[in-house]
Every structure is written in C-alpha cells, then in structure tokens.
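User: I'm new to this one and would like to get my bearings. Could you walk me through it, one question at a time?

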Amino acid sequence: MQEDDDFSLFAQEVQGIRPLKKTEVYLGKKQGGVDFVERQKAALIAKVEDRNYLSKDFVERVDPDDMLEYKKDGVQDGVFKRLRQGKYGIESRLDLHRRTVEQSRREVFQFVEDCMQHDIRVGIIVHGKGDRTPDPQDQATIKSFINKWLRDLDDVMAFHSAQRHHGGLGAVYVLFRKSEKARLENWERHQKR
C-alpha cells in the first residue's frame with residue numbers, strides 16, 4: 001500500500017517535466033581564458049606536496065626546555081660530539097619562527113632536499129622553544145614536530161640542539177648524509193695519501 005502511495009506521489013510531482021533538448025551541458029563558470037602559468041605553479045606545488053611524506057597528524061610532545069638529540073647507526077661518536085659542540089661550519093639555515101605546522105612541514109622537507117642537492121653537510125633549523133604560547137598544551141609544537149620529522153628523513157644522519165650563541169634550545173644542528181659526489185671526492189682524497 002505504502003509503495004503505491006509513494007509512486008503516485010512521485011508521478012504527481014514529475015508530471016509536467018520534459019526532457020532536455022541539449023545533449024551537452026556546460027557546468028563551469030563562463031569567464032576568460034585559462035591562466036596556464038598559475039596552473040603550472042599549482043601543479044608544481046602539488047608535485048612537491050605529493051613527495052612530502054612527513055606526517056602532521058600525531059607527535060610525541062617535547063618540553064620547551066628539552067634538548068633534542070638523535071644519531072643514526074654508523075655516525076661516529078667524534079662526529080656527533082663535534083656537531084653537538086657546534087664545531088662544524090653551518091652551511092645553510094632555516095628559520096621557522098611564526099610558521100604554522102603545515103608551512104614548517106613543507107619548508108623542512110624542501111630544506112633537506114635543497115641541502116642534499118647542493119652537497120651541504122651541516123645546517124641549522126631555528127624552530128624556537130615554543131614557551132611563549134599561553135596554553136601549555138600548545139607549547140613547543142614546532143619543536144616537537146622537528147624532533148619527529150628529522151628522525152623520519154633518510155638524508156638526516158644526526159641532529160642536536162644548538163649551542164647558546166646559535167639559538168640554544170630553540171635551534172637544532174642537522175648533519176646530512178654525504179652525497180655520492182662528496183663520498184667519491186673524500187675517497188679520492190684519502191687514496192692520494
């Protein structure tokens with residue numbers, strides 16, 4: 001019974017409707033030509049974004065006054081000690097002050113790629129301590145993500161909180177993997193001895 005009532009109600013509602021005579025319908029906005037330069041820029045940004053595997057979902061929180069340190073297997077203790085003491089020349093710098101988590105995520109990923117492309121061995125990332133945020137739950141957010149992201153990047157061999165004159169607990173020294181070119185040059189230099 002209910003079905004018959006529904007069908008008759010539907011038939012009543014669509015009684016005066018006629019089929020469209022056009023076979024094509026344009027649903028887009030009518031406007032000028034397409035700006036291909038802007039589309040190309042957007043495509044390049046999307047391509048970089050696609051390769052960026054750094055997560056922004058969950059992060060284990062660190063305290064604003066925590067020291068960050070990490071060393072992959074294979075990094076010599078002496079090399080890590082020199083990094084920790086700030087004795088290597090800083091060849092590149094990234095400042096993340098006043099950046100959102102998403103902006104920081106993109107910039108850290110691009111920074112590491114650029115450093116690898118230019119055979120940079122040591123860089124510094126200034127993230128800030130994050131202790132000026134009034135809500136204790138939001139303190140050291142970028143610092144916490146830096147601690148996670150740098151561990152996730154294969155090209156990062158080690159990192160350590162910086163010395164006071166380089167930003168202290170608000171910055172981190174980063175030791176990058178040697179490129180194949182730098183590795184070959186190092187091998188050749190040692191063969192000449």
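User: Where does Arg-99 sit in the chain?

Analyst: Keep in mind that this is a predicted model. Arg-99 isn't part of a helix or strand run; look between strand S2 (92-95) and H4, and you'll find its place in the loop there.

User: Is Arg-99 buried, partly exposed or exposed?

Analyst: Buried would need a relative accessible area under 20%, and exposed would need over 50%. Arg-99 comes out at 33%, so it counts as partly exposed.

User: Which residue does Arg-99 form a salt bridge with?

Analyst: In general, side chains of opposite charge can pair when their charged atoms come close. For Arg-99, the closest N and O atoms of the pair are 2.8 Å apart. The partner has a relative accessibility of 25%, so Glu-107 counts as partly exposed. The salt bridge of Arg-99 is therefore with Glu-107, given the cut-off of 4 Å.

User: How far apart in space are Arg-99 and His-127?

Analyst: Along the sequence, Arg-99 and His-127 are 28 residues apart. Going from C-alpha to C-alpha, the distance between Arg-99 and His-127 in space is 9.0 Å.

User: His-127 makes me curious about pockets. Which residues lie nearest the centre of the largest pocket?

Analyst: The largest pocket has a volume of about 440 Å³, and 16 residues line it. By class, that lining has three nonpolar, six polar and seven charged residues. Nearest the centre are His-97, His-127, Gly-128, Lys-129 and Gly-130.

User: Which residues are linked with Lys-129 in a network of salt bridges?

Analyst: Lys-129 is one of the residues nearest the centre of the largest pocket. Lys-129 also belongs to a salt-bridge network, where the residues linked with it are Asp-65 and Asp-131.

User: What is the volume of the second largest pocket?

Analyst: Let's start with what's around it: the lining of the second largest pocket has five nonpolar, three polar and five charged residues. Its volume is about 350 Å³.

User: And which residues are closest to the centre of that second largest pocket?

Analyst: There are 13 residues lining the second largest pocket. The closest to its centre are Gly-74, Gln-76, Val-79, Arg-121 and Lys-178.

User: Back to charged pairs. Why are Glu-102 and Arg-105 about one helical turn apart?

Analyst: The side chains of Glu-102 and Arg-105 meet in a salt bridge, at 3.0 Å from N to O. Both Glu-102 and Arg-105 are buried. Because they are three residues apart in helix H4 (residues 101-117), the separation of Glu-102 and Arg-105 is about one helical turn.

User: Which helix holds both Lys-148 and Asp-152?

Analyst: Lys-148 and Asp-152 also meet through their side chains in a salt bridge, at 3.1 Å from N to O. Lys-148 has 23% relative accessibility and counts as partly exposed, and Asp-152 is partly exposed too, at 32%. The two are four residues apart, about one turn, and the helix that holds them is H5 (residues 141-152).

User: How many salt bridges does a search of the whole structure find?

Analyst: We've met several already, among them the pair Arg-99 and Glu-107 and the pair Lys-148 and Asp-152. For the whole structure, the search gives eight.

User: What is the phi of Ala-140?

Analyst: Most residues other than glycine have a negative phi. Ala-140 sits in the loop between S3 and H5, and it is buried, with a relative accessible area of 2%. Its phi is positive, near 55°.

User: Where is Asp-119, which also has a positive phi?

Analyst: Asp-119 isn't a glycine, yet its phi is about 55°. Asp-119 is partly exposed, with a relative accessible area of 32%. Its place is in the loop between H4 and strand S3 (122-126).

User: Which residues form a nonpolar patch on the surface with Ile-17?

Analyst: Ile-17 lies in the loop between helix H1 (2-13) and helix H2 (36-51). With 61% relative accessibility, Ile-17 counts as exposed. The patch has about 300 Å² of accessible area together, and the residues that join Ile-17 in it are Phe-10 and Val-14.

User: Last one: what pattern does the chain follow along the sequence?

Analyst: The chain has 193 residues, of which 31% count as buried. It has six helices and five strands. Read along the sequence, their pattern is α-α-β-α-β-α-β-α-β-β-α.

Conventions. Residues numbered from 1 in each chain as written. Predicted model: local features only at pLDDT ≥ 70, side-chain atom pairs only at ≥ 80, totals over all residues. Heavy atoms only, no water. Patch = residues over 30% accessible without salt bridge, like charges linked within 9 Å, V, L, I, M, F, W, Y side chains within 5 Å. Areas by Shrake-Rupley, 256 points an atom, 1.4 Å probe, with all protein chains shown as cover. Buried < 20%, exposed > 50% of the residue type's maximum accessible area, 1.4 Å probe, protein only. 1 Å grid on protein atoms, 1.4 Å probe; cavity = no way out; pocket = protein on both sides within 12 Å on 5 of 7 lines; lining within 4 Å. Points joined across faces, edges and corners; volume = space filled by probe spheres on them. Nonpolar A, V, L, I, M, F, W, Y, C, P; charged D, E, K, R; others polar.
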